[in-house]
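Here is a brief report on side-chain packing and charge pairing. Keep the structure open while reading.

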Amino acid sequence: GAAMGGSGGASGGAGGVGVEVAAAVFTTSTLTIMTCYGGGFSLLPAYIADVFGSRHVGAIHGRLLTAWSSAGVVGPLIITTLRRRALDDAIAHVAAVVDDDVFEATFGASKQHLQALVDAHTVTLHRLLELAPPGIVDPTPLLHANAMHTMAALLVVAAAANVAVMRRPVAQAKTTLIADDVSAVPLRAATAAAAPKTSS
């Protein structure tokens with residue numbers, strides 16, 4: 001028994017350390033991404049000029065700012081909706097394993113009125129977990145999983161769009177023009193030096 005208790009304590013301690021490491025990695029990654037926000041925003045004009053040319057910076061930058069503002073409104077709505085759906089699914093899943101008589105005695109209504117009780121904040125996930133039988137896994141840490149996966153998928157789409165833009169003929173032509181212009185500088189200087197000077 002002592003050996004089992006010791007091994008259980010050791011495994012619990014190892015699990016706690018694992019959670020702490022995961023939390024530290026998550027926090028560090030989140031802060032790193034947040035520090036890149038302002039830098040990416042300030043580099044947009046220079047990036048647009050490199051890809052499309054300085055003549056188109058104003059028009060394209062205006063469209064990007066409009067898209068950025070729209071994302072600031074639509075993004076939180078999407079994240080909130082996904083989180084709310086995940087919470088409703090978790091509540092329905094936990095409520096299904098709670099004894100019907102216990103549920104009705106605790107909340108004063110049957111499970112048929114579950115949604116109304118949730119909307120009234122009478123039934124919460126935390127209270128349901130207290131009534132659930134042993135062995136039910138707490139779904140709280142996974143409530144934001146769908147939202148995080150959606151944001152990751154959107155970042156992948158954005159990266160693919162960025163690669164596609166860089167491969168467009170206009171971007172390649174802009175790069176070629178810059179390279180040709182740089183390589184032509186010594187030739188222009190030599191031509192200007194060799195040209196006969198006219199006396200005034």
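Is Lys111 buried, partly exposed or exposed? Lys111 is partly exposed, with a relative accessible area of 25%. The model behind this value is a predicted one.

**Salt bridges**

Lys111 has a charged partner. Its side chain meets that of Asp100 in a salt bridge, at 2.9 Å from N to O. Asp100 belongs to helix α3, while Lys111 sits in the loop between α3 and α4, so the pair ties together parts 11 residues apart in sequence.

The structure holds three salt bridges. They are listed here.

| Salt bridge | N to O distance |
|---|---|
| Asp100 and Lys111 | 2.9 Å |
| Arg84 and Asp88 | 3.5 Å |
| Arg84 and Asp119 | 4.0 Å |

Arg84 bridges to Asp119. Arg84 is in helix α2 and Asp119 in helix α4 (residues 114-119), so this pair ties together parts that are 35 residues apart in sequence. Arg84 also bridges to Asp88. Those two are four residues apart in helix α2, which means about one helical turn separates them.

How exposed are these residues? Arg84 is partly exposed, with a relative accessible area of 34%. Asp88 counts as partly exposed at 24%. Asp119 is partly exposed too, with 47%.

Back to Asp100 and Lys111, whose side chains meet in a salt bridge. Elsewhere, salt bridges with shared partners join Arg84, Asp88 and Asp119 into one network.

**The nonpolar core**

Nonpolar side chains tend to be buried together in soluble globular proteins. Which members of the largest nonpolar core touch the most other members? They are Ile91, Phe103, Leu114, Val123, Leu125 and Leu128, out of 18 residues in that core. Helices α2, α3, α4 and α5 (125-131) each supply at least two residues of this core. The largest share comes from α2, with six residues.

Take Leu128 as an example. Leaving aside residues up to four places away in sequence, Leu128 touches Ile91, Val94, Ala95, Val98, Phe103, Phe107 and Val123. Apart from the largest core lies another, of five residues, among them Ala49, Val51, Phe52 and Val57.

**The aromatic pair**

Two of the contacts of Leu128 are Phe103 and Phe107. How many aromatic pairs does a search of the whole structure find? The search finds one. The ring centres of Phe103 and Phe107 are 4.8 Å apart and the planes stand at 55°, so the pair is tilted. The cut-offs explain the label: planes under 30 degrees apart count as stacked, over 60 as edge-to-face, and the rest as tilted.

Phe103 and Phe107 are four residues apart in helix α3 (residues 100-107), so about one helical turn separates them. Are these rings' residues buried or exposed? Phe103 has 0% relative accessibility and counts as buried. Phe107 also counts as buried, at 8%.

**A nonpolar surface patch**

Some nonpolar side chains lie on the surface. Val73, Val74, Leu77 and Ile78 form a nonpolar patch there. Together they have about 350 Å² of accessible area. Leu77 is part of helix α2 (residues 57-97). Its relative accessible area is 54%, so Leu77 is exposed.

**In brief**

Helix α2 appears in several parts of this picture. It supplies six residues to the largest core. It carries Arg84 and Asp88, and it also holds Leu77 of the surface patch.

Technical notes:
Residues numbered from 1 in each chain as written. Predicted model: local features only at pLDDT ≥ 70, side-chain atom pairs only at ≥ 80, totals over all residues. Heavy atoms only, no water. Phe/Tyr/Trp six-rings, centres within 6.5 Å; stacked < 30°, edge-to-face > 60°. Buried < 20%, exposed > 50% of the residue type's maximum accessible area, 1.4 Å probe, protein only. Patch = residues over 30% accessible without salt bridge, like charges linked within 9 Å, V, L, I, M, F, W, Y side chains within 5 Å. Areas by Shrake-Rupley, 256 points an atom, 1.4 Å probe, with all protein chains shown as cover. Core = buried A, V, L, I, M, F, W, Y, C linked by side-chain atoms within 4.5 Å. Contact = heavy atoms within 4.5 Å.
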